[in-house]
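This report looks at a predicted model and follows its ligand surroundings, its core, two of its helices and some features of its backbone. The structure is shown first, and the description follows.

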Amino acid sequence: MPTIKTVAIIGAGASGAAAASALTAEKFFDVVKVFERREEPGGTWIYDAIPPTFDLVPGGLPYDIDPPLDIPKTLPTSTAPNTQERFSKTPVYSNLTTNVPEIAMSLSDTRFPYGPFVPHWIPKNYIREYFSIHGNDSLLVLNTTVEDITVIRQDAHGAHNRWRLTLRKHDRARGVDEWWQEEFDAVILANGHYSVPFVPSVTGLPGYLKKFPDRVVHSKSYRTPELYAGKRVLVIGNSASGHDIADQLLKSPTVQHPVYQSRHSRSLWEGDEPPEGLVWKPVIDEYRTDGTIVFADGSTLALDEVDIVIYATGYKPSYPFWNEAANGRALYNYPEGRFHGAYQHTFVTDYPTLGLVGLPRTLTFRSFEYQSIALARLWSGRAAQPLPTAAEQRLWEVQRISERRQSGKKFHDIEWDTGETDAYLSYLYRLAGLPLLDGTGLTPPILNATTRWAIENIRKYPIRRPTPPKQGDISGAETEENGWVLVRNGKDSLSFI
Ligand SMILES: Cc1cc2nc3c(=O)[nH]c(=O)nc-3n(C[C@H](O)[C@H](O)[C@H](O)COP(=O)(O)OP(=O)(O)OC[C@H]3O[C@@H](n4cnc5c(N)ncnc54)[C@H](O)[C@@H]3O)c2cc1C
Ligand SMILES: NC(=O)c1ccc[n+]([C@@H]2O[C@H](COP(=O)([O-])OP(=O)(O)OC[C@H]3O[C@@H](n4cnc5c(N)ncnc54)[C@H](OP(=O)(O)O)[C@@H]3O)[C@@H](O)[C@H]2O)c1
């Protein structure tokens, strides 16, 4: 491992906050900077009251819809402000609350002010304060987008690579974009993965979008049910966004009933029947030119039966700043849904000075902490264990690809109930090891019994079983509390993340 003294972090969300804390606590690095394209830290949790508007591209992937900007030939320079869509607004809606119990969601050294589930401004304020209480707010370089990352190869084997970052700061006062470059020994990608919306490819959808341009939106633009007063709405998807939005529309006194919901598979919160006022539909097969929507079971909704279609079909990770040509490879394999060569979802095998925080779908903020401490310790040369060899890291990846293919699970999903989260966090915990005796470095947190109990038993929504549980099986038995639900021995404990 080359000597690393300067580190750039991309993104000032929860991942960037955790990474900054872990790096500065090592008291080893000369420079740590956190580049954030927004005007403040908070990441996903910043609420944009004016929702983003963007073109929907059915089947479009980030390299089509979020391409790199043209970088000025000579730097530094200033240019007219960028007008290309960069998807920097967030999907947070007006009454979004968290869905992970706060004891498990908050970073280990500072709790949310209350819980178990909190409105969106609590994590936003928490992340901002987290930077400050750890003395890291001075590391923030705001309104600054990392537009390019190019490797600077120092030797033939690439063992001493450094990184050149091309940066663009929007100067609102002067109405210009400032461009410049900086070099770093290492880079942490903490840029999140819920920015670039995904809309599946459906026969006839491009024509429908053209003919009825205001009828189809993505859940990223959803803010409040009041905007749909008097409308007949079809929600596509039933994961966290689809479920929450359908629930809000259903409870709104002004949205027309029935609300339709197109489902690909059953979600954890659904029983045998939809609640009153909601009609379930299968996936959409086709949009006809007369505006009729045809579902996989042959049923249809005519043009005058639906006013708005909300695609709650998720997001794709996007790395437009990664200079594929200069760096020799792509970062993300979209057909397979995985980052190339990301050992333990954190360490980039062929680029050991590139780190990832926040990529896997697991115990969010808390897992970012384990990843960050492991990276900081490794890069300060104080890790308790070395990383396995590059060949062993590749073997891990090959085995995981094969195991996930067999189980039909996604590469970066890490389950709780199977013990996988425990194994994953334990690995990072052991790799990082203890801080120095004088307190230099962060201690990887414990996951105590209370936290584990909260993960397994406290839910935002009741779990609706499709069939009654067998006699004597208390799995899923529930008690409604004030704004949350207590479940007993519930399975799929983190599947809502
Ligand atoms: C609607 C919604 C609800 C959610 N609810 C929950 C919940 O209840 N509980 C939970 O635990 N998790 C929830 N999540 C997941 C949530 O994203 C994570 O909890 C967490 O906030 C992710 O943090 P992050 O720092 O990895 O990414 P983000 O919060 O996305 O932060 C990444 C940051 O990087 C910046 N950035 C990106 N590209 C660049 C660039 N090129 N240059 C500079 N800056 C850049 C972005 O502007 C952003 O600020 C939710 C996600 C969504 C979309
Ligand atoms: N705090 C909260 O309450 C809250 C609210 C919203 C979002 N979130 C978080 O935000 C993140 C993103 O969640 P998300 O719900 O936006 O995305 P997501 O979890 O990726 O879900 C995408 C959904 O789209 C469905 N889908 C895809 N193609 C479809 C098609 N052709 N027809 C019908 N359905 C289709 C998927 O179904 P299949 O899975 O069956 O393919 C899935 O239900 C998650 O971390 C989530 O926890 C949290």
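In this predicted model, ligand 1 is surrounded by 31 residues, of which Gly11, Gly13, Gly43, Gly192 and Gly358 are the closest. Two elements, helix H1 (14-25) and strand E5 (144-152), each give two or more residues to this shell, and the largest share, 3 residues, is that of H1. By residue class, the shell around ligand 1 consists of 14 nonpolar, 14 polar and 3 charged residues.

Ligand 2 has 23 residues around it, and those that come nearest are Gly237, Ser239, Ser241, His264 and Gly314. Helix H6 (residues 240-251) gives the most to this shell, with 4 residues, and the shell as a whole divides into 9 nonpolar, 13 polar and 1 charged. Because residues of domain 1 (6-196 + 316-432) and of domain 2 (199-313) both take part in the shell, ligand 2 lies between the two domains.

**Helices H1 and H6**

H1 and H6 can be described in turn, beginning with the helix that contributes most to the shell around ligand 1. H1 has 12 residues, and its first and last C-alpha atoms are 17 Å apart, close to the 16 Å expected at 1.5 Å a residue. Since 11 of its 12 residues are buried, H1 is largely enclosed by the rest of the structure. The buried residues of H1 are Ala14, Ser15, Gly16, Ala17, Ala18, Ala19, Ala20, Ser21, Ala22, Leu23 and Ala25, and they pack against strand E1 (6-10), strand E2 (31-35), H4, strand E8 (186-189) and H8. Just after H1, Lys27 takes a positive phi of about 50°.

For H6, the 12 residues should span 16 Å at 1.5 Å a residue, and the end C-alpha atoms are 17 Å apart, which agrees. With 10 of its 12 residues buried, H6 is therefore largely enclosed by the rest of the structure. Those buried residues are Ala240, Ser241, Gly242, His243, Asp244, Ile245, Ala246, Gln248, Leu249 and Leu250, and Ser241 is also among the residues that come nearest to ligand 2. The cover over the buried residues of H6 includes strand E11 (233-236), strand E12 (259-262), strand E13 (278-281) and strand E17 (308-311).

**The nonpolar core**

In soluble globular proteins, nonpolar side chains tend to be buried together. Here the largest nonpolar core has 104 residues, and those with the most contacts inside it are Ile9, Val187, Ile188 and Ile310. Helix H8 (residues 364-379) provides the largest share of this core, 9 residues. As with ligand 2, domain 1 (6-196 + 316-432) and domain 2 (199-313) both give residues to the core, so the core lies between them. Val187 illustrates the packing: leaving aside residues up to four places away in sequence, Val187 touches Ala8, Ile10, Ile149, Trp163 and Leu354.

**Backbone features in loops**

Two cis peptide bonds and two positive phi values in residues other than glycine are set out below, each with its value.

| Feature | Residue(s) | Value |
|---|---|---|
| cis peptide bond | Leu75 and Pro76 | omega about 0° |
| cis peptide bond | Gly115 to Pro116 | omega near 0° |
| positive phi | Asn143 | phi near 55° |
| positive phi | His345 | phi about 60° |

Pro76 has its place in the loop between helix H2 (62-65) and strand E3 (77-79), whereas Pro116 is found in the loop between helix H3 (102-105) and helix H4 (121-133). Asn143 is found in the loop between strand E4 (140-141) and E5, and His345 is in the loop between strand E21 (342-343) and strand E22 (347-348).

Are these two residues with positive phi, Asn143 and His345, buried or partly exposed? Asn143 counts as partly exposed because it has 17 C-beta neighbours inside 10 Å, while His345, with 22 other C-beta atoms within 10 Å, is buried.

A last loop residue is Glu415, which lies between helix H9 (390-407) and helix H10 (420-432). With 18 C-beta neighbours inside 10 Å, Glu415 counts as partly exposed. Glu415 and Arg263 are 152 residues apart in sequence, and their C-alpha atoms are 22 Å apart in space.

Conventions. Residues numbered from 1 in each chain as written. Chains lettered and ligands numbered in written order. Predicted model: local features only at pLDDT ≥ 70, side-chain atom pairs only at ≥ 80, totals over all residues. Near = placed C-beta within 6 Å. Nonpolar A, V, L, I, M, F, W, Y, C, P; charged D, E, K, R; others polar. Domains from an automatic or database assignment. Core = buried A, V, L, I, M, F, W, Y, C linked by C-beta atoms within 7 Å. Buried ≥ 20, exposed ≤ 12 C-beta atoms within 10 Å, placed from the backbone. Contact = placed C-beta atoms within 7 Å. Expected span 1.5 Å × (residues − 1).
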